[in-house]
Amino acid sequence: MLSRLVAELPGGAYRIRASAEAQPESRAMTSADSPDLDLSRRLNSGLRRIASARGIYAVFLATATAAQELANAAGVCAVPADRSHCVIATSGKGSVSTLDPSSSLQQLVTGAAAAGETIVQHRPLMEVELPSGQRFLAETLLTVPVSTDSGYLGLAFFWRDGLTPSAAELTLLPGLAWTTCLALKSQRHENQLQHARIEQRSQIAEIEHRARNLLATIRSIVRRSGQTAESPDEFASHLEARISALARTQGALLIDQQSGPELEDLIRAELTANAVRENQFIITGPSWRLAPRAAETMALTLHELTMNALKFGAFTRPDGRVEVSWTIESSPAPTLRWRWTESNVRSAPASAHRRGFGMELIERVLPYELGAVTRYSIADGGAHCEIDLPINERTAVTIDRIPL
Amino acid sequence: MRNKPVGEHDTPLAGLRVLVVEDDYFIAEEICSTLREHGAEIVGPSPDVEQGLRLIESRPIDCAVLDINLQGSFAFGIANELRQRGTPAIFVTGYDVSVLPGEFKSFARLEKPVNLRVLLQTVQAACAGHPALQES
């Protein structure tokens, strides 16, 4: 018996054996017939069973079996902290089922657990009906309140068919309940951890997706800049400015990961980065948050419009002005109507009309990627650009965005 | 700055109708112009699933190049449609292969950013049995 106990408790094995050898007379006390030792053995076997169970239902089943082995209990019942239902696990054949929140068993356990102390109730004459149709009378109930961070308020062991626990068994059962409580807590943490891992994996996949698309965009920008630049110097400066505009957007996207960047912030950041004076532009429009991809394309477009205004348009003259405005319209279809209007530009040089990267963004990229309807014109007053963005999950931030 | 044509012929894909579904304009444009330069006829490109499916319904297609993630929705519906028709498809993706549902594990797959030379070879290999390629 002692050797079995030692084998079951490897952690404490050495101490138990050493004390037994140091005091030979106590060995007689630890014979197989000692009720204390037998009780300890049953308790330890139960604790080990609970501690090694994996999964919340397995923990309940192990608890029911342990309580049966230790004290002939018929099973265990647990009420979750939200009281939404009641879990009942029976030993023997071993089953775990869920009872309605209105069951009298749940009410009794909830009430007893609320008292904050371990309570024994004899003969409550309570009939329990399991979802399987099986009925029985729970004649004795021992309720142990447990720490709610296990997800449960209390555990109750119950007996039937005239079986009752001995006083010694009753004193050991709360220990079983608290071990169950720890096991439930650890299962909960494990579940949370697993959930977090899945979440993290999907976020990494999303970041990877964005990174690869971003690299592809940069590669296209390099190619386009190469095709349209008139000299290596122009190529280098255009490329650098475009990549900077993209980098600013990435920064804004990182900061506003959940909510998406504000349209106004994107515009202000682009103009400020190019040293446009505050009194040369007006921004008017309601708060609007862009989805990541739409933010990138809009920011690149803004960059090209700004560069054109600096080279040929409104920002070449101290009295030149740019008004950036937008409105949100719900009919005929939800649309964001965005306008860039330059004024006080004496004459627009022909070179402003060239088919550059900016024109490609306005005429091709925005319609293709975001379904935008766009117009670009140059009148005497300066450049005028209209972008009508349909409002949908591609263009606007919704609460439940992607991830995979 | 253009990539030079590869392969034995300048138009190794002549006669092939290739559907391109890709939500990024620049990537779509890059893929389409590369395939066109080598003789393929482009169907699309389409930035989304709905238009992609419409193109499959309305136009003959010999091969498809599909981006998996189209602004948050997946191109598996298109891939399934093509699989049932026995039309070869190539996935272009920024994802690990583990996100591919089992039935598509055998599809050719290219990672972004796409190496255009490898893309051409993959399209050619996927359509190896096609009559248009055997005539040339």
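In this predicted model, strand β3 (residues 63-67) of chain B pairs with strand β6 (residues 89-93) of chain B in the parallel sense, over 4 bridges. Within this pairing, B:L66 stands opposite B:F91 in β6(B). The two strands belong to an open sheet of 5 strands, ordered β2-β1-β3-β6-β7 (chain B), in which the pairing is parallel. β2 and β7 (108-111) of chain B are the edge strands, each pairing on one side only. From one strand to the next, the twist averages 20 degrees.

Helices lie across this sheet. Helix α1 (residues 25-37) of chain B lies across β1 (17-21), β2 and β3 of chain B and runs at about 175 degrees to β2(B). Helix α2 (residues 49-58) of chain B lies across β1 and β2 of chain B, at about 150 degrees to β2(B). Strand β2 (residues 41-46) of chain B also holds B:P45, and the peptide bond from B:G44 to B:P45 is cis, with omega near 0 degrees.

Chain A has an open sheet of 5 strands as well, with the order β7-β8-β9-β11-β10 (chain A) and mixed pairing. Its edge strands, β7 (281-284) and β10 (373-379) of chain A, each pair on one side only. Neighbouring strands here are turned by 10 degrees against each other on average, direction ignored. At the β10 edge, 7 bridges join β10(A) to strand β11 (residues 382-390) of chain A, and these two run antiparallel. A:R375 has A:E386 in β11(A) as its bridge partner. As a general point, strands of a sheet pair through backbone hydrogen bonds, either parallel or antiparallel.

Helix α9 (residues 263-273) of chain A packs on the chain A sheet, where it touches β7, β8 (321-329) and β9 (335-343) of chain A; the direction of the helix makes about 170 degrees with that of β7(A). Helix α11 of chain A lies across β10 and β11 of chain A and runs at about 165 degrees to β10(A).

The helix placements on the two sheets are set out below.

| Helix | Strands touched or crossed | Angle and reference strand |
|---|---|---|
| α1(B) | β1, β2 and β3 of chain B | about 175 degrees to β2(B) |
| α2(B) | β1 and β2 of chain B | about 150 degrees to β2(B) |
| α9(A) | β7, β8 and β9 of chain A | about 170 degrees with β7(A) |
| α11(A) | β10 and β11 of chain A | about 165 degrees to β10(A) |

Two backbone features of chain A fall in loops. The peptide bond from A:S331 to A:P332 is cis, with omega near 5 degrees, and A:P332 is found in the loop between β8 and β9 of chain A. A:R83 is not a glycine, yet its phi is positive, at about 55 degrees; this residue sits in the loop between β1 (75-80) and β2 (86-90) of chain A. Most residues other than glycine have a negative phi, and most peptide bonds are trans.

Over all chains, the structure holds 30 salt bridges. One of them joins A:E278 to A:R268, with the closest N and O atoms 3.5 Å apart. A:E278 lies in the loop between α9 and β7 of chain A and A:R268 in helix α9 of chain A, so this pair ties together parts that are 10 residues apart in sequence.

The contact between the chains takes 27 residues from chain A and 27 residues from chain B. Together chain A and chain B bury about 2600 Å², of which 54% is on carbon and sulfur atoms. The interface of chain A and chain B has 5 salt bridges. Among them, B:D24 pairs with A:R293, the closest N and O atoms being 2.6 Å apart. Between chain A and chain B, 11 residue pairs are in polar contact, counting pairs with both residues at pLDDT 80 or more.

On the side of chain A that touches chain B, α7 (167-228) and α11 (357-370) of chain A each supply at least two residues. Which element gives the most to this side? It is α7(A), with 15 residues. By class, the side of chain A that touches chain B has 10 nonpolar, 6 polar and 11 charged residues. Helix α11(A) thus appears in both settings: it lies across β10 and β11 of chain A, and it supplies at least two residues to the side of chain A that touches chain B.

Conventions
Residues are numbered from 1 along each chain as its sequence is written. Chains are lettered from A and ligands numbered from 1 in the order in which they are written. This is a predicted model: local features need pLDDT of at least 70, side-chain atom pairs count only at pLDDT 80 or more; totals for chains, interfaces and linings use all residues. Side-chain values use heavy atoms; hydrogens and water are left out. Contact means heavy atoms within 4.5 Å. Buried area is the accessible area (1.4 Å probe) that two parts lose on being put together, summed over both. A salt bridge is a side-chain nitrogen of Lys or Arg within 4 Å of a carboxyl oxygen of Asp or Glu. A polar contact is a pair of N or O atoms within 3.5 Å; within protein, one must be able to donate a hydrogen and the other to accept it, and residues adjacent in sequence count only if both atoms are side-chain atoms. Ala, Val, Leu, Ile, Met, Phe, Trp, Tyr, Cys and Pro count as nonpolar, Asp, Glu, Lys and Arg as charged, and the others, Gly among them, as polar. Two strands pair if DSSP finds at least two bridges between them. Axes are lines fitted to C-alpha atoms, for helices over the stretch in contact, and angles run from 0 to 180 degrees between N-to-C directions.
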